[in-house]
Amino acid sequence: MISNKHIGEVLLKLEDISLSFGGVQALSNVSFEVREHEILGIIGPNGAGKSSMLNVINGFYHPDEGRITYKGTTRKDMRPHEAARQGIARTFQNIALFKGMTTLDNIMTGRNTKMRRNFLWQALYLGPARKEEMEHREAAERIIDFLEIEAIRKTPVGRLPYGLQKRVELGRALTAEPDLLLLDEPMAGMNLEEKEDMCRFILDVNDEFGTTIALIEHDMGVVMDISDRVVVLDYGRKIADGSPDEVRTNQDVIDAYLGVPHDIPPDTPPDDTPHANPQP
Amino acid sequence: MQLFGGVNDNGRRQVRRFFGRTGLTRRGHEHQPRSTSPGGASELDTLPKLLLDNSKRLADRPAIREKDYGIWQTSTWRQVLDEVRALACGLADLGLERGDKLAVIGDNRPQLYWSMVAAQCLGAVPVPCYQDSVAKEMRFVIAHSEARFAVVEDQEQVDKLLEIKEDCPKLREIVYGDARGMRNYTQPFLHRFADLQERGRRFDAENPDFFLAEIAKGTGDDIAIILYTSGTTGQPKGVVLSFDNVLVTARNAAEYERLTENEEELAYLPMAWVGDYVYSVAQSYTSGFCVSCPESGATVMNDLREIGPTYFFAPPRIFENILTTVMIRIEDASWLKRNMFEYFMAVAKRAGADILDGRRVPLLDRLLYGIGSVLVYGPLKNTLGFSRIRLAYTAGEAIGSDIFDFYRSLGINLKQLYGQTEAVVYVTVQPDGEVKPDTVGVPAPGVEVRISDAGEVMYKSPGVFQHYYKNPEATAAAKTEDGWMRTGDAGFFDQDGHLKIIDRAKDVGRINGGTMFAPKYIENKLKFFPYIKEAVAFGDKRDYTAAFINIDLGAVGNWAERHHLAYASYQELAAKKEVYDLIHGCVEQVNRGLAKDPQLAGSQIKRYLILHKELDADDGELTRTRKVRRGFIAEKYTVLIDALYGDADHCEVETQVTFEDGSTGTVKGDLKIGDVGVSPAPAA
Amino acid sequence: MDLLTAVFVAPFLDMAGSPVFLAEVVIVGVLTGVMYSLVALGFVLIFKASGVFNFAQGVMVLFAALTLVGLMERGVPVWLAILMTILVMIGLAFAIERFMLRHLVNQEPIILFMATIGLAFVLEGVGETLWGSNVKALDVGIPNASFEVGGILLNEFDLFAAASCAVLVAVLAVFFHYTTIGRALRAVADDHQAALSVGIPLKTIWVIVWSVAGFVGLVAGIMWGARSGVQFSLSLIALKALPVLILGGFTSVPGAIVGGLIIGVGEKIAEIYWGPLLGGAIENWFAYMLALVFLVFRPQGLFGERIIERV
């Protein structure tokens with residue numbers, strides 16, 4: 001494919017982020033930036049702090065130290081629904097959908113941040129709220145069409161197979177029309193065909209809507225294929241940051257993935273942490 | 001021989017009787033009331049002329065619908081003309097000329113239907129291709145038809161064409177409908193559908209007389225379309241059909257079945273299939289009814305419910321799947337619903353078909369049927385989207401009588417028809433009120449049918465195709481000198497003059513001793529049992545009939561669970577003694593059925609075995625359309641066949657299989673062989 | 001033999017013998033049922049939207065009724081008193097969110113349940129302190145005349161109660177299913193974290209749902225209070241709502257209504273026709289027996305979401 005993608009300014013900048021739970025240091029002094037319209041892959045062995053990183057970005061975790069600059073505003077941490085309102089949408093490693101609700105309803109909840117009228121207005125004035133509802137429905141239908149999930153529009157998501165649930169979750173994040181989309185292992189547990197579909201959707205999202213995407217993924221092949229840039233975390237530290245080719249040949253990265261013992265930083269716990277199972 | 005002699009007589013009598021009723025016509029459309037427009041200006045002998053007429057006559061009535069973004073979007077006949085006009089002018093501006101071929105690839109979309117008619121306006125010939133074929137399969141059709149243009153649905157199809165473009169030097173311009181994912185395609189020969197129409201509108205403004213003049217040049221003898229048939233063997237053949245072929249046949253059938261502009265039809269079968277062209281295009285244009293395109297392949301059941309078609313076609317497989325879904329839902333329903341369903345379905349079985357055919361039914365049954373309609377049949381038909389069906393067809397292969405009867409007993413006028421691409425579908429059709437599950441009806445209007453001495457079904461009709469495109473040998477093989485068309489199917493007329501198809505003529509063999517052996521007929525009888533998924537019968541030049549059987553993992557698995565049988569795999573389940581007993585009963589029942597027909601009584605199954613693996617297209621045992629490849633299987637499993645015709649009661653076998661990811665492995669099995677008793681033939 | 005006749009034949013003969021009387025019994029039952037439904041509705045709302053079984057719902061009914069009576073005793077006109085009570089209930093919802101729920105986000109349901117038991121005690125105590133513990137009459141001006149239709153005696157008050165209940169239910173059903181906020185409520189009930197990630201403010205949702213439950217509680221409180229006086233036993237009708245919920249399903253608004261009606265009618269008929277046989281007072285335990293039967297045969301209730309565990 002001939003790409004004429006234009007990677008723009010810095011959208012999100014993380015500086016010296018540190019985060020610990022009890023005595024475990026999940027992230028230490030991590031800094032990197034996400035630029036407009038790019039697909040950034042975040043990789044690293046198990047327990048390297050990838051999910052924590054996403055949780056910091058969308059405000060589920062509040063870092064102990066560091067600064068987050070998003071859309072030019074610098075702050076110490078984010079709040080989840082504030083992050084959502086500012087255009088950060090995400091999916092979860094273990095699908096967090098509203099299981100009892102239909103696909104359509106799930107996707108419609110993604111429109112919450114787009115609500116112009118406040119809740120009481122919604123409850124009291126059916127007229128204008130209805131018109132707004134129609135607009136939201138149209139936006140939701142476009143996403144349904146985009147993700148080719150028309151057939152399951154009215155199916156409660158709890159009854160869907162895993163791969164489709166992942167797709168619905170992506171749909172919910174997309175209807176928010178996010179500026180920054182965070183994907184936590186979007187292809188975990190999928191078969192080859194489902195992975196290919198998901199890859200295509202991610203690339204199409206990036207391409208069609210110009211959405212900036214930061215994704216965590218275990219499947220190295222996938223990450224290297226679709227990312228414009230890759231950040232590698234290990235032991236809660238950033239060990240590499242660059243184009244897929246640069247990262248692929250980086251000695252630290254190779255060591256980390258092969259589990260070669262290296263200088264353990266003083267603030268990281270010994271080897272009985274989840275880090276003990278490096279990915280092949 | 002007695003059979004064919006007698007049947008032949010019956011058949012001819014039937015043909016005579018039929019023509020006695022409607023008059024023998026060489027050119028059917030001369031007898032059509034609407035063959036000339038009210039003004040008497042020109043004959044409506046091409047689809048573009050019909051479109052012009054419809055856009056005046058039916059102007060603001062709906063012509064086609066498409067579900068997009070969750071809403072049905074309707075286009076009227078007038079709007080369709082606008083769209084087609086813009087498109088035709090755009091294509092002309094782009095260089096499409098009279099006689100050019102235009103490939104059409106994608107799911108059923110209004111835009112694609114319009115592009116077929118737009119091509120015909122210019123005297124070009126549309127060549128629809130199966131949208132799910134891989135690039136390699138598509139290459140043959142595009143290259144062989146020498147298509148210069150292609151109109152495709154989306155990026156997926158564009159990618160396929162780009163892949164094969166080098167092998168198809170004639171292919172020049174590609175038009176795509178859905179722009180999604182096409183942002184980075186910069187090739188100059190790719191055009192967006194909307195842009196092309198825009199271009200066409202400009203062209204039209206500059207050349208205002210062009211469009212109508214082009215349409216006026218067309219005549220009924222012109223080639224309307226080339227449809228490639230997916231042959232089970234060899235390369236596909238391009239069936240060339242003229243407007244006369246298509247329109248006369250479509251009108252004859254529409255008149256016979258009294259189709260009107262008020263029908264509703266769902267266009268969900270592949271556009272490359274002749275049936276879709278006849279139902280969703282030709283008859284929609286001749287009768288003026290509205291066609292609806294489903295949202296996607298996966299939503300068809302839902303769209304069916306929303307549209308509620310009055311005119312419906314589905315291959316037996318679909319009717320079977322729907323019935324299975326119903327049965328599963330009933331199993332899960334509450335006690336009350338389940339019992340109500342069972343009680344009223346018994347009533348329907350007793351009385352439903354008779355009420356549908358207008359025969360006498362006891363008053364009590366009629367009353368119960370009425371109650372059943374309110375409580376069960378109505379709601380059921382409504383959920384299935386069948387409540388408005390006036391006419392439903394099934395064809396393509398034999399349908400199980402249980403399945404067939406189920407729909408008819410609900411009051412759905414489901415009929416079988418027998419046809420071919422080469423005949424523009426219609427060869428025989430079941431008349432209203434004379435429907436039998438195991439025949440395909442009487443010759444369709446304008447069609448003459450006879451049985452050759454070799455037992456092959458042959459016909460003559462106004463729909464008989466022109467020739468196979470660039471394949472005169474095949475044409476000569478299919479059409480006799482005096483214009484009879486060979487179907488390649490073996491069959492006979494029963495005592496009521498209804499045609500009964502038993503098998504492919506070339507597959508019909510003889511069992512040593514002379515009894516006719518029709519493998520597919522026997523296999524289908526076996527496959528009508530829900531427990532049997534596939535069957536392969538052997539018997540030609542053998543002493544008796546023997547069969548391989550594949551159980552249906554779903555149905556037998558369910559049965560096993562209910563009988564507390566544990567199993568871990570298909571192979572383990574297939575080897576169970578209890579399963580053998582279950583299948584044994586099915587085989588015996590098939591034998592009883594065969595015994596009833598004097599000609600087939602000698603071909604009862606004596607020995608069978610249940611295969612240790614499922615027959616699979618990936619292993620070459622089935623075609624991609626899931627038809628068994630008997631020859632290949634016979635070769636692959638020689639050991640098993642030898643065992644079936646020996647006296648061993650079991651046989652060891654090792655088979656190579658291909659897994660989903662493309663890797664291969666082996667499966668070993670020790671198969672039991674079942675012996676079945678033979679039912680006595682009726683005293684002749 | 002006599003016993004069998006008394007159980008299986010005589011009551012039905014009685015019913016057939018005097019259809020008018022039967023109709024009256026059924027109507028009384030329906031109207032009692034409506035009351036049960038109203039209380040059960042409060043439970044369903046909170047359960048649906050937050051997965052919390054709110055043990056304090058009964059006390060909220062009492063608290064609302066007490067507040068209303070208390071205000072009216074101090075000379076506040078009816079309409080203003082109702083308005084003020086609504087505001088009090090909304091204020092209560094804010095307080096509950098601020099002091100209780102906010103600290104329990106993402107906790108086990110059982111912990112939230114325990115918290116609502118605590119809440120019940122607090123509310124009861126506060127109500128008693130503020131408004132005293134005497135039985136009080138509540139008169140909000142609902143007409144209370146009786147009239148006859150086809151020989152059946154009807155009461156305007158009961159009809160009014162039934163009508164307001166119907167309206168309330170219709171509004172709630174629309175609210176839950178067709179509004180964005182209703183969808184947000186259901187989303188929060190399903191998965192807190194996911195709801196947060198799509199930008200649903202959890203706090204606001206809690207407040208809304210508890211306010212609505214408070215409002216429903218007030219309606220129930222007015223109806224019960226106006227009928228049998230405002231007293232502390234009012235909080236005990238929460239116990240009657242439990243079998244209603246088991247019958248109707250914890251997550252179904254229509255279930256709460258139908259469940260309430262079945263129990264209301266069932267216990268009245270049982271009391272009148274079979275009561276004498278068992279020495280009376282069937283009414284007190286009939287509902288629980290029925291609930292028990294349902295728990296055995298249909299644990300998800302009549303309308304509840306089927307409990308399907310997928311692997």
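**Charged side chains in a predicted two-chain model: some notes**

1. Let's start with an arginine: B:Arg359 has a relative accessibility of 39%, so this residue counts as partly exposed. Please keep in mind while reading that the model is predicted.

2. What does B:Arg359 pair with? B:Arg359 makes a salt bridge with B:Asp354, and the closest N and O atoms of the two are 3.0 Å apart. The aspartate, B:Asp354, is partly exposed as well, with a relative accessible area of 23%. In general, side chains of opposite charge can pair when their charged atoms come close.

3. Next, have a look at B:Arg504, which forms a salt bridge with B:Asp489. Here the closest N and O atoms are 3.0 Å apart. B:Arg504 sits in strand E21 (residues 499–504) of chain B and B:Asp489 in strand E20 (residues 485–493) of chain B, so this pair ties together parts that are 15 residues apart in sequence.

4. Are the two partners of that bridge buried or partly exposed? B:Arg504 is partly exposed, at a relative accessible area of 31%. B:Asp489, with a relative accessible area of 10%, is buried, because buried means under 20%.

5. Some salt bridges share partners, and one network built this way joins A:Arg137, A:Glu141, A:Arg153, B:Lys67, B:Glu295, B:Asp303 and B:Glu306. If you have the structure open, these residues of chains A and B are worth displaying together.

6. How many salt bridges does the whole structure hold? A search over all chains finds 64. One of them is formed by A:Asp204 and B:Arg180, with the closest N and O atoms 3.1 Å apart. A:Asp204 lies in helix H7 (residues 192–208) of chain A, while B:Arg180 is in the loop between strand E6 (173–176) and strand E7 (190–192) of chain B, so the pair joins two chains. Both A:Asp204 and B:Arg180 are buried.

7. Finally, a word on the surface of chain B. Which residues form a negative surface patch there? They are B:Asp132, B:Glu137, B:Glu156, B:Asp159 and B:Glu163. Helix H6 (residues 155–164) of chain B gives the largest share of the patch, 3 residues.

8. B:Glu163 from this patch is found in helix H6 of chain B. Its relative accessible area is 59%, so B:Glu163 is exposed, the cut-off for exposed being over 50%.

Terms used: Residues are numbered from 1 along each chain as its sequence is written. Chains are lettered from A and ligands numbered from 1 in the order in which they are written. This is a predicted model: local features need pLDDT of at least 70, side-chain atom pairs count only at pLDDT 80 or more; totals for chains, interfaces and linings use all residues. Side-chain values use heavy atoms; hydrogens and water are left out. Patches are made of residues with over 30% relative accessible area and no salt bridge: like charges are joined within 9 Å, nonpolar side chains (Val, Leu, Ile, Met, Phe, Trp, Tyr) within 5 Å. Accessible areas come from the Shrake-Rupley method with a 1.4 Å probe; for residues, only the protein chains shown count as cover. A salt bridge is a side-chain nitrogen of Lys or Arg within 4 Å of a carboxyl oxygen of Asp or Glu. Lys and Arg count as positive and Asp and Glu as negative; His and the chain ends are not counted. The place of a charge is taken as NZ of Lys, CZ of Arg, CG of Asp or CD of Glu. Helices (H or I, at least four residues) and strands (E, at least two) are DSSP runs, numbered from the N terminus. Buried means under 20% relative accessible area, exposed over 50%, partly exposed in between (1.4 Å probe, protein chains only).
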